[in-house]
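Student: Please take a close look at the side-chain packing in this model, and go through the nonpolar cores, the rings, the cysteines and the charged pairs in one connected account.

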Amino acid sequence: MQKLIFTAMSTPMTLLIMAAGSGSRYGKLKQFDPLGPHGEFLMEFAMYDALAAGFNHIVIITKPDQVDFLSTYLKPRIPTTVSLSVLPQEIKDIPINTEIWKRRKKPWGTAHAIWAARNVISNPFIVINADDFYGAAAFKKAALFIQNNPREDFFALIAYSLQNTLSENGTVSRGICEIKNNVLIRITEKQQLTQLNGTITDLISGEQYAGTTLVSMNFWICRPSIFVPIESEFIRFLQEEESALREELFIPTIIQHMVTTKQIQVKNEVTHSKWFGITYEEDRLEAVTRLEALCSNDSYPSPLWT
């Protein structure tokens, strides 16, 4: 594959990567695990795909003690025409007149991670996880949606089939999507989905799902208008002190509230991209193998940044 060619779009676009996870089930910080043939992080392949699709600003939300490392690591790799913002997700970063963070031990979840970027994003943006591989077609689809849909109340989701997002090594958390006429009606977060006796089951509720059920892998196409409802819901969330000390505020919760109150419409953007990710340490070998194959067949250059 030839060297990355960056093509600017008429509408500036931002890629926001959530990379502040603790990797408790993986055993280490999986967002910084060198999985690529030349030691690349998984998020670097997403960055490459986004830049090829025309995104010109990368925002990464990470742990406070990883900000300097990640900035130093990435700046020499990406094109100089691309802006890079590496920001911390800090427990103390909460709305004014709230002080519950003093008893909190970990950040507040994916909605809080997105909110951490509120001061550096002023144009349409996509949100992804650092530990998921989404495929180049997904980023191209997202870029086309942004360019063709300028309305502030038009959001979108790149959804994947549930059967293709499971791990053989344990349960996974997924947002179950109800979609009608290609528009998201409802999304429900399920925390312990697994293949059980040939059926995909949520171990908490006992609910069962077909393999073709569409789920969110946190590939959202958003507008800056989302920061206001996140803050409003965050304030409400923090008022319930005991639950706020233990629970997290998920981005699907915010999206669902905005859909229910008719603030936005969320279109399901169908893509044939192949997803894979790393949840458990045992998932690592498959990820390494698949990245190696993608580089071998020239889907990506190797090393990635040449």
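Tutor: What follows treats the side chains in that order, beginning with the cores.

The model is predicted. Its largest nonpolar core has 62 residues, and within this set M47, I60 and F139 touch the most other members. Helix α1, residues 42-52, supplies the largest share of this core, with eight residues. A second core, separate from this one, has 39 residues, among them A159, F237, I251 and I254. In soluble globular proteins, nonpolar side chains tend to be buried together.

I60 shows what the packing in the largest core consists of. Apart from neighbours within four places in sequence, I60 is in contact with I17, A19, M43, M47, L70, L74, L84, S85, V86 and L87. M47, which is in that list, is also one of the residues that touch the most other core members.

F139, another of those residues, is buried at a relative accessible area of 0%. The ring of F139 also pairs with that of Y134: the centres are 6.5 Å apart and the planes stand at 85°, so the pair is edge-to-face. Y134 is buried as well, with a relative accessible area of 1%.

Across the whole structure, the search finds 19 aromatic pairs. One of them joins F41 and F69, with 6.3 Å from centre to centre and 55° between the planes, a tilted arrangement. F41 is in the loop between β1 (14-19) and α1, while F69 is in helix α2 (residues 67-74), so this pair ties together parts 28 residues apart in sequence. The two partners differ in burial: F41 counts as buried at 6% relative accessibility, whereas F69 is partly exposed at 37%. Elsewhere, ring pairs link F45, Y48, F133, F276, Y300 and W305 into a cluster.

Two arginines are placed over rings. R77 lies over the face of Y73, 3.7 Å from the ring centre. The charged end of R118 sits over the ring of W115, at 3.6 Å from its centre.

The cysteines form no cross-links: the structure holds zero disulfides. For C222, the closest cysteine sulfur is that of C177, 13 Å away, which is too far for a bond. C222 is buried, at 0% relative accessibility. C295 also counts as buried, at 8%.

The charged pairs come last. Side chains of opposite charge can pair when their charged atoms come close. The count comes to 10 salt bridges. In the one between R284 and D33, the closest N and O atoms are 2.7 Å apart. This bridge links distant parts of the chain, with R284 in helix α8 (residues 284-296) and D33 in the loop between β1 and α1, 251 residues apart. R284 is partly exposed at 26% relative accessibility, but D33 is buried at 3%.

A further bridge joins E207 to K190, with 2.6 Å between the closest N and O atoms. E207 lies in the loop between β9 (199-202) and β10 (208-209) and K190 in strand β8 (residues 183-196), so the pair ties together parts 17 residues apart in sequence. Here E207 is partly exposed, with a relative accessible area of 36%, and K190 is buried, at 12%.

R151 and D153 also form a salt bridge, the closest N and O atoms being 2.7 Å apart. R151 is partly exposed at 46% relative accessibility, and D153 is likewise partly exposed, at 25%.

Conventions: Residues are numbered from 1 along each chain as its sequence is written. This is a predicted model: local features need pLDDT of at least 70, side-chain atom pairs count only at pLDDT 80 or more; totals for chains, interfaces and linings use all residues. Side-chain values use heavy atoms; hydrogens and water are left out. A nonpolar core is a set of buried Ala, Val, Leu, Ile, Met, Phe, Trp, Tyr and Cys residues joined through side-chain atoms within 4.5 Å. Buried means under 20% relative accessible area, exposed over 50%, partly exposed in between (1.4 Å probe, protein chains only). Helices (H or I, at least four residues) and strands (E, at least two) are DSSP runs, numbered from the N terminus. Contact means heavy atoms within 4.5 Å. A disulfide is a pair of cysteine sulfur atoms within 2.5 Å. Rings of Phe, Tyr and Trp (its six-membered ring) pair if their centres lie within 6.5 Å; planes under 30 degrees apart count as stacked, over 60 as edge-to-face and the rest as tilted. A charge sits over a ring if NZ of Lys or CZ of Arg is within 6 Å of the ring centre and within 35 degrees of the ring normal. A salt bridge is a side-chain nitrogen of Lys or Arg within 4 Å of a carboxyl oxygen of Asp or Glu.
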